[in-house]
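Welcome! Please take a moment to look over the sequence and the 3D view before reading on.

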2 protein chains.
Amino acid sequence: MRADAQRNRARVLEAAEEVLARDGLAASMRAVAELAGVGVGTIYRQFPTKEALYQAIVADRTRRLAERAAELAEGGDPGRAFFTFFAMIVEHATTKKVFVDALSAAGVDPKAGSPDLRGPIETLLVRAQHAGAVRPDVGMPELLALLSAACLAAQQQGWDPGLRDRALAVVFDGLRTQP
Amino acid sequence: MRADAQRNRARVLEAAEEVLARDGLAASMRAVAELAGVGVGTIYRQFPTKEALYQAIVADRTRRLAERAAELAEGGDPGRAFFTFFAMIVEHATTKKVFVDALSAAGVDPKAGSPDLRGPIETLLVRAQHAGAVRPDVGMPELLALLSAACLAAQQQGWDPGLRDRALAVVFDGLRTQP
DNA sequence: CTAGAATCGGAACGCGTGTTCCGGGTGGGC
DNA sequence: GCCCACCCGGAACACGCGTTCCGATTCTAG
């Protein structure tokens, strides 16, 4: 691979990360190209389609989040780990618009989407339930529904940190084991 | 106003209601015109812009929901009324895509949007809190955030009724007065 | 240094959108 | 029944999108 091609690939990925975080899936290829200081043709040399570029970025973010989840799953308090990761994903959603778009698109088809994230989340959930920190009658469908809801709203409405914490506090209380 | 114009106005509103419920704000004027059996020019004779057509429909739905809220606010159990209305709005969101789009757009600017709905909701909230059915430390911002979140997710991910009930059950438990 | 191939930039294409415009029809007061 | 003001339909326009294409440019092997 030629040196300039490699450099441009990096520039495109960096620019796409920024533009997609701001505008989500609606971001245009021209915007990415302009920010990267590159022609649109250069992008298409590296990524066959707009979708491919987006998936490359989403996959990378997903992988990093999954790693973080795995770390938390090994740590001490299962309940704390579960709620921490929930809040972490919602916080990501506030600034990374693509991530939410991809997540909501993935919700429609459970088979596609982010199986890399589904696994770690399920681990955190069952651990927290065994520890008695989360009520046992919620399953993955309900959890993913609540998680997606929080992410969608946090992103589309621009929840400020204070509001986010107060809203999540209510959901978390609902998720805890009821007396 | 001529008779045919009046008839066409009704057709356009009916068609727009259906198309907007299905496709949300992304619905095209051509789709509305085709379903109404009308030319696009006919729509623009009645509504100066796409936004105006949408707002006419959303305003109508909002008014009807506000009426329903007012009825509930006069009824018996304040807690039951509050949670019933919450669930009712989320159920509407599942089938009326425009409503969710408008709601999420309105959420950004609290002053604009649906003040007609804000009032009745606040009434239901404070009544339920005075009756001890809802914890006193949640205000309108948190409530609207949770409501929007549920509506967004229910619509974008097509929550089936069972999942909707189970997800809302968690949120409602979080909203109830904690022991 | 040079030749050849790989890459770049951005004009161009096809498509779908919201909106405008106007020639051809139609309703209803007289 | 007539006539004109009003209204209708849908072609046309401007724009932005994803994607393709090709002449100009730049890298690198020998």
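What follows is a short tour of the DNA contacts, the contact between the chains, and the salt bridges.

This is a predicted model, in which local features need pLDDT of at least 70 and side-chain atom pairs count only at pLDDT 80 or more, while totals for chains, interfaces and linings use all residues. Residues are numbered from 1 along each chain as its sequence is written, chains are lettered from A and ligands numbered from 1 in the order in which they are written, and side-chain values use heavy atoms, with hydrogens and water left out.

**Around the DNA**

Let us begin with DNA strand C. A residue is near a strand if one of its heavy atoms lies within 4 Å of it. There are 24 residues around DNA strand C, and R2(A), N8(A), Y44(B), T49(B) and K50(B) come nearest. Of the strand's atoms that come within 4 Å of the protein, 59% belong to sugar and phosphate.

The table lists distances from protein atoms to a phosphate oxygen of the strand; a polar contact is a pair of N or O atoms within 3.5 Å, where within protein one must be able to donate a hydrogen and the other to accept it, and residues adjacent in sequence count only if both atoms are side-chain atoms.

| Residue | N or O atom in | Distance to a phosphate oxygen of DNA strand C |
|---|---|---|
| A3(B) | backbone | 3.2 Å |
| M29(B) | backbone | 3.0 Å |
| K50(B) | side chain | 2.5 Å |

Both chains take part here: helix 1 (3-23) and helix 3 (40-46) of chain A, together with helix 1 (3-23), helix 2 (29-36) and helix 3 (40-46) of chain B, each give two or more residues to the surface near DNA strand C. Helix 3 of chain A gives the most, with four residues. Helices here are DSSP runs (H or I, at least four residues), numbered from the N terminus.

**Where the chains meet**

Now to the protein partners. Chain B and chain A each bring 27 residues to their contact, where contact means heavy atoms within 4.5 Å. Between them they bury about 2,300 Å², 66% of it on carbon and sulfur atoms. Buried area is the accessible area (1.4 Å probe) that two parts lose on being put together, summed over both. On the chain B side, Q156(B), Q157(B) and V170(B) supply 25% of the area buried against chain A, more than any other three residues.

**Salt bridges**

A salt bridge is a side-chain nitrogen of Lys or Arg within 4 Å of a carboxyl oxygen of Asp or Glu. The count comes to 22 over all chains, and four lie across the interface of chain B and chain A.

R166(B) and E142(A) meet in one of them, at 2.2 Å from N to O. R166(B) lies in helix 9 of chain B and E142(A) in helix 8 (residues 140-156) of chain A, so the pair joins two chains. At 42% relative accessibility R166(B) is partly exposed, whereas E142(A), at 6%, is buried. For these words, buried means under 20% relative accessible area, exposed over 50%, and partly exposed in between (1.4 Å probe, protein chains only).

R135(B) and D173(A) form a salt bridge too, at 2.8 Å, and both residues are buried.

Within chain B, R63(B) pairs with E67(B), their closest N and O atoms being 2.9 Å apart. These two sit four residues apart in helix 4 (residues 50-74), separated by about one helical turn. In chain A, D60(A), R63(A), R64(A) and E67(A) are linked in a network of salt bridges.
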